[in-house]
Structures are given as structure tokens and as C-alpha cells.
Number of protein chains: 2
Amino acid sequence: MEFTDKQIHILETAEKLFADKGFEGTSVREIAKETNMNLAAISYHFGSKEKLMEAIFNYRINNTWFAVKSLVSGKGISPVKKIELLIDSVIDKISEKECFHRIMVRQQILAKDDLVSRLITESRVRNIQLLNEIVQEGQDQKLFKKKVDTPLLIITMIGTIYQMMNTQDFYRQANKLESLEDAAFQVHIRRVLKIHLKTLFKTILTNEA
Amino acid sequence: MEFTDKQIHILETAEKLFADKGFEGTSVREIAKETNMNLAAISYHFGSKEKLMEAIFNYRINNTWFAVKSLVSGKGISPVKKIELLIDSVIDKISEKECFHRIMVRQQILAKDDLVSRLITESRVRNIQLLNEIVQEGQDQKLFKKKVDTPLLIITMIGTIYQMMNTQDFYRQANKLESLEDAAFQVHIRRVLKIHLKTLFKTILTNEA
DNA sequence: AAAAATAATTCAAACGTTTGTTTTAATTCA
DNA sequence: TGAATTAAAACAAACGTTTGAATTATTTTT
């Protein structure tokens, strides 16, 4: 799936608009205006609004996990360390593509069965397999509990990250962090989330507590 | 805010449609057809589609926390027990109003500042205050850690519940629970979530681990 | 290297639908 | 009778998409 510079410009502009106003809430005319292109250009380059959405998913959802996978399947790294690397990586990846993930959250709630929904499911399966590998390794080394609900673990991880992403203004206010610069606050959130999730995972995976 | 039976019928029908297809993805004509009412009836009873959405929020978002509040502010109950009661209650309340919460999740992601957004924020403030009370009590009794990020705790709680709600088919498949009846699976999810979140909260709040 | 031919892209305009809402008359209920 | 509700029809505006001519880029031919 290759895209030209112009197409990528449309993709990323549409991504921002879809994230802010929703798919149905964004008109093709808005996308055209925001990209300084003609209305017909979107149909010309992508065929339809629906296909543009699919293109965004093809553009974003690939290659997300390959870097993590190589990190994680490396020998000589303890399962605990691998979990930590995974958490760091997931948080960074999601933060980098915040708009896309906002779209994905909204999309996964809808009762649809289209290409986009299938792409989301495939992505989830990959995540499960990845975490399962690490958990299995930890169990083999008697470091982790025997019974671990891996899907539930992922649900807490992704759910916490997404909820933070979607309510970050509220978190900022509740913790009186309004004085922080935007960028500094983003860094702060990531750090807090990473520490938090690592603690949680250790509790669930090891036999402590 | 009082509603007639007919209005409630419209509210609940629209709620289901908004949850399944999104606000912009649902037409007023669809709501009319689904309720077996005339198109103009929606405008007549609520004024506009936007106001109908606001009415759904007014209908649902109230009274959600009053029952919890009375449970929680009771004397003679340990802070740990109160946390458990809170978790049980939140999970049950959200499960009861799944459609509404699906709408709320989608709504809170949008970059809007309307009445609905303000209602969501107010609801969050109430939740924080409630949990803060319990945490404070636990800290006074030297049961909980001194430093607790209450907002982060709520984010994990709500985030986990929402993520489970939105990906429950996936969870079911990943844990090979397809043989369970729908109702039994719902019960299963709730039980698992309750145990899971209680464990997490105890870890974060107490000085273990 | 210049010219001609072909392909790719941009543009304004218009297409037919669907949208949320309003109107006006008919009907129901108190 | 008079107010509340329902019904069918119409409204203008916005929607996604298509059209066909104009323009630009690329390739082919001379």
C-alpha cells in the first residue's frame, strides 16, 4: 500500500478531522478545504469517503508492532524487562498516533462489520499473541503466575491508555497541572502511565500480593 | 427533568441507535421509524436532534451516583470494603446502561464544548470527589499509601470497564468462551472485572508490593 | 532536443439524495 | 370548545459523488 505525498497530506488532514469531529461529522468538503484541494480531488485519489477511511487504517495500522516484536523476541532479556519494554513501546506508539487511535476507539464501538472493523480485530490478535509469548516465557521460567488472563491484561493496558488520552484535560485539572506547558504535560502523562502500568502488570503477573 | 412515557420510548430508542451507529450516523427519520412515530414527533417532543441527545444525557446521567454515595459514606464500613462496594457498583451501573456509556465514550473523544460535554465533566468531578473521600479515610486510618493518584485510579477503573465493554466479543473469543450463553457471558465478564479491579486497587492503595 | 501524443490531475459546476426542521391541516383528548 | 398531539407534505441546506472540460506531467515519436 503506497501513497504519494499528496495522498498522505489528505490522509493526515482527514485523520485529524475525523478524530475531532467523527467520520459522519466531517464532510468531504471540509477535508478539501483544509487540504486546499478541490472537492473532487478526494474522490479522485481515494474513490470515496469510506475508502479514504480505509486508507487511513491501512496507512496507520501497519508496522505498528514490528519494532516491538523484534524487541520482545530478543534472547537474553528477562520476561519482566520485556513486559516493561512492551508497555513503554505501546504508550509511545499510541501517543505518536493519538488522532488515529481516537478514530479507532470511536470505530470499535460501532456495531459494524466492515473492512475497518476487521483490521482492528487483526491488530488485536497480533497484540494478544505478542503478550502471550512473553507471558508464556515468564511462566516457563517460574517467574509469572500459572493462570494469567492475558486478554484482560491487554484490556487494562489499552483501556487505561485510551481513557487517559480521552480525558487528559480532566486529569490535568484534577491534579492541578495547568501550569505545565502542553508538551511537558504530555511527557508527564507518559511517564506516569508507564510507571503505573508496570506496577499493575507486575502485580498481576507475579505471585506478589 | 420529567419525561412522559412516549418521550422515554423515544429516548431509549434513540439511545440504542446512537450507540450502534453514532449520533451523526443516525437520522431523525430512522428514530421515527423505529419508534413507529411520525417524523415530526421528535421535533415536537424535543425540539431538535441535538436537544434529543441532551435529553438522553439528562435522563441517564442523573441519579447514577446517589446510591453509591449513600453506600460509601456509611460509617462502620472499612475503606477497603468501601472501595470494593464502589467497584461493584460502578461495574453494575455501567453494565446496566451500556448503550448510554457507548454514546458517552464516543462523545468525550470529540473536541466539543457543548452542554453534553459539560455534563460529562460534571459527572467526572463527582466520581473523583467520591473516590477521594474514601481514599482520604483510608489514609487517615493508615491503611492506604500517603500518595495516591486518585484520578489515575479512576482512569484505570473506567478505562478497563469501557475497553472490556467495547471489545467483549474479542475477549470472549480470545478466552474461548463462545459456548457460553450471552447472558451467562455478561455475568462472567462482570465477575472477572470486579475481581480484577479489586486486586488492582488494593495493590495501588495499600503498601503491599 | 523539440514536438506531438498520451496520461494524470485539477477545477467549477451540477447531479440526485438525504439531511434536520417547519408548516399546515387533521385528529385526538380533556 | 380548546389545547395537545399526530400526519403528510414541503423546505432549504448539506451531503457524497460524478461530469466533462481545462490544465499539467509524463512519455513517445520525430
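## Contacts with the DNA backbone

In this predicted model, a backbone N or O atom of Thr26(B) lies 3.4 Å from a phosphate oxygen of DNA strand C, a polar contact (a pair of N or O atoms within 3.5 Å). Two lysines also reach phosphate oxygens of DNA strand C: a polar side-chain atom of Lys6(A) lies 2.7 Å from one, and an N or O atom in the side chain of Lys49(B) is 2.7 Å from one.

## The surface around DNA strand C

Let's look at the wider surroundings. In total, 15 residues surround DNA strand C, and Lys6(A), Tyr44(A), Arg29(B), Leu39(B) and Lys49(B) are the closest; a residue is near the strand if one of its heavy atoms lies within 4 Å of it. Sugar and phosphate make up 46% of the strand's atoms that come within 4 Å of the protein.

By class, this surface has 5 nonpolar, 6 polar and 4 charged residues. Here Ala, Val, Leu, Ile, Met, Phe, Trp, Tyr, Cys and Pro count as nonpolar, Asp, Glu, Lys and Arg as charged, and the others, Gly among them, as polar.

## Cysteines

The structure holds 0 disulfides over all chains, a disulfide being a pair of cysteine sulfur atoms within 2.5 Å. Cys99(A) counts as buried because its relative accessibility is 17%, and Cys99(B) is buried too, at 19%. Buried means under 20% relative accessible area, with a 1.4 Å probe and protein chains only.

## Reading the numbers

Residues are numbered from 1 along each chain as its sequence is written, while chains are lettered from A and ligands numbered from 1 in the order in which they are written. Local features need pLDDT of at least 70, side-chain atom pairs count only at pLDDT 80 or more, and totals for chains, interfaces and linings use all residues, while side-chain values use heavy atoms, leaving out hydrogens and water.

Technical notes:
Polar contact = N/O pair within 3.5 Å; in protein donor to acceptor, adjacent residues only side chain to side chain. Buried < 20%, exposed > 50% of the residue type's maximum accessible area, 1.4 Å probe, protein only.
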